[in-house]
Amino acid sequence: MKERLTVLRMVVIGVTLLAGVFLLYLHARSRPGKGEEITKAIKSKRRNLLLLGVLSLWLCSGFVMGIFSHETEGLTVQMTSPRMNFLGFDISSSVVISWMAMIVVIVPVVLIRLFVIPKFSDSPSKIQYILETAVSTISDYTREKSDIRSNALNAYILTLALYLVGCAFTELFSFRPPTSDIVATFSLSLVTFIMINYYGLKRKGVGGRLSSFAKPIPVVFPFRVLSDIAAPISLACRLFGNMLGGMIVMHLIYQVLGAFGVGIPAVLGLYFNVFHPLIQVFIFITLSLTFIGEAVESN
Amino acid sequence: MNGLAAIGAGIAVFTGVGAGIGMGLATGKAAEAIGRQPEASGKINMILMLGLALTESTAIYGLIVALMIIFTK
């Protein structure tokens, strides 16, 4: 750390800091008064001042961070989550992180159940309106995709969506998302597999479900069974691969930017850590519902 | 061994070519469909998203295989 605190670095930090503050000061001063006319030239000048000011402050922050940062050599990605010691038990860190996500999801839900739902009335308040919209959207979507009217299925789908979104957003707080662990995604898809077979057997019975595999001709029976078994595997691998891929891309961005990783990763993270997981959650519940609907359809 | 593993990972990621072509075709068809029937754009978007996710999964499988080749010892 000593040899990084060179005179040159201090000079660069000072110059960029002063330049940034000065440019932002100019930007603030050039704000046109009430009576003045705002022309295009003034507008573009103010925009350039703001851009340059922010740029030099960004450079300054990068050089300051460079004093404390340490170089990492090469990208190493662990396919499985690291183990950690939790109250004397040796468990996977993704379990602990998903517990945190569950707490964040469950506590507001319990509070709403205890304090808001008893006060529901015919003239809805804001929270009641939001909750009713969410529940009716989910139940409409479930019925449209899977042709099943069931409160249990609606609850499962909404829980799955909330849990997956909570898990994905842990990455924003620099934790490794639990869904980038194949064990987590595979257990979720196994639950979906159980639901597929439960609803299939409930609607058709054992004989009906078996004979539905042998349609249109009996030769396809083994392939239909195989594709049914492959459904949870493909669900799990899709979610796992997408989350791991997003995580690796963000790791790469942080590594490329090094000490200058201020601000820019936040913008890119909006896509890779927020939008992309939301799409994947939507895909996961849609495919779950589609598989369930396939199992119960009458042909 | 390490070099061969890198070549294998590269070949595994080639699944992205097929996924790219497929996604391009799907998006093009969706754009055509919306052009023909703009009022059905909501449903078309939904189907497009689902199709893109299914197409993308081939690329994702390739990615997983490549990562496993590189990072698991």
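The following exchange goes through a predicted model with chains A and B, from the interface to single side chains.

Colleague: How many residues does each of chain B and chain A bring to the contact?
Modeller: The model is predicted, and totals for interfaces use all residues. Chain B gives 15 residues to the contact, and chain A gives 21 residues.

Colleague: Which residues of chain B lose the most area to chain A?
Modeller: Chain B and chain A bury about 1500 Å² between them, with 79% of that on carbon and sulfur atoms. On the side of chain B, three residues together account for 32% of what is buried there. They are M46(B), L50(B) and F71(B).

Colleague: How many residues on the side of chain B that touches chain A are nonpolar, polar and charged?
Modeller: Between chain B and chain A the count is one residue pair in polar contact, both at pLDDT 80 or more. Across that interface the rule finds zero salt bridges. The residues of chain B that touch chain A divide into 12 nonpolar, two polar and one charged.

Colleague: Why is C237(A) in no disulfide with C167(A)?
Modeller: A search of the whole structure finds zero disulfides over all chains. C237(A) is buried at a relative accessible area of 18%, and C167(A) is buried at 0%. A disulfide needs the two sulfur atoms within 2.5 Å. The closest cysteine sulfur to that of C237(A) is in C167(A), and this is too far for a bond because the separation is 18 Å.

Colleague: Which residue forms a salt bridge with R143(A), and where do the two lie?
Modeller: The count of salt bridges over all chains is two. In one of them the side chain of R143(A) is engaged, with N to O at 3.5 Å. R143(A) and its partner both lie in helix α4 (residues 126-146) of chain A, three residues apart, about one turn of the helix. The partner is D140(A).

Colleague: Are R143(A) and D140(A) buried or partly exposed?
Modeller: Buried means under 20% relative accessible area, and exposed means over 50%. R143(A) has 33% relative accessibility, and D140(A) has 40%. Both values fall in between, so R143(A) and D140(A) count as partly exposed.

Colleague: Which helices hold R209(A) and D228(A)?
Modeller: R209(A) forms a salt bridge with D228(A), their closest N and O atoms being 2.8 Å apart. The pair links distant parts of the chain, 19 residues apart. R209(A) and D228(A) are buried. R209(A) is in helix α6 (residues 182-213) of chain A, and D228(A) is in helix α7 (residues 221-257) of chain A.

Colleague: Leaving aside neighbours within four places in sequence, which residues is N154(A) in contact with?
Modeller: N154(A) sits in helix α5 (residues 151-169) of chain A. N154(A) has a relative accessible area of 15% and is buried. With neighbours within four places in sequence set aside, its contacts are I138(A), S139(A) and T142(A).

Colleague: What backbone oxygen does the side chain of S212(A) reach, and at what distance?
Modeller: S212(A) is in helix α6 of chain A and is buried, with a relative accessible area of 5%. Apart from neighbours within four places in sequence, S212(A) is in contact with K204(A) and R224(A). The C-alpha atoms of S212(A) and R224(A) are 9.2 Å apart, at 12 residues along the chain. The backbone oxygen reached by the side chain of S212(A) belongs to R209(A), at 2.7 Å.

Notes
Residues numbered from 1 in each chain as written. Chains lettered and ligands numbered in written order. Predicted model: local features only at pLDDT ≥ 70, side-chain atom pairs only at ≥ 80, totals over all residues. Heavy atoms only, no water. Contact = heavy atoms within 4.5 Å. Buried area = accessible area lost by both parts, 1.4 Å probe. Salt bridge = Lys/Arg side-chain N within 4 Å of Asp/Glu carboxyl O. Polar contact = N/O pair within 3.5 Å; in protein donor to acceptor, adjacent residues only side chain to side chain. Nonpolar A, V, L, I, M, F, W, Y, C, P; charged D, E, K, R; others polar. Buried < 20%, exposed > 50% of the residue type's maximum accessible area, 1.4 Å probe, protein only. Helix = DSSP H or I, 4+ residues; strand = E, 2+ residues; numbered from the N terminus.
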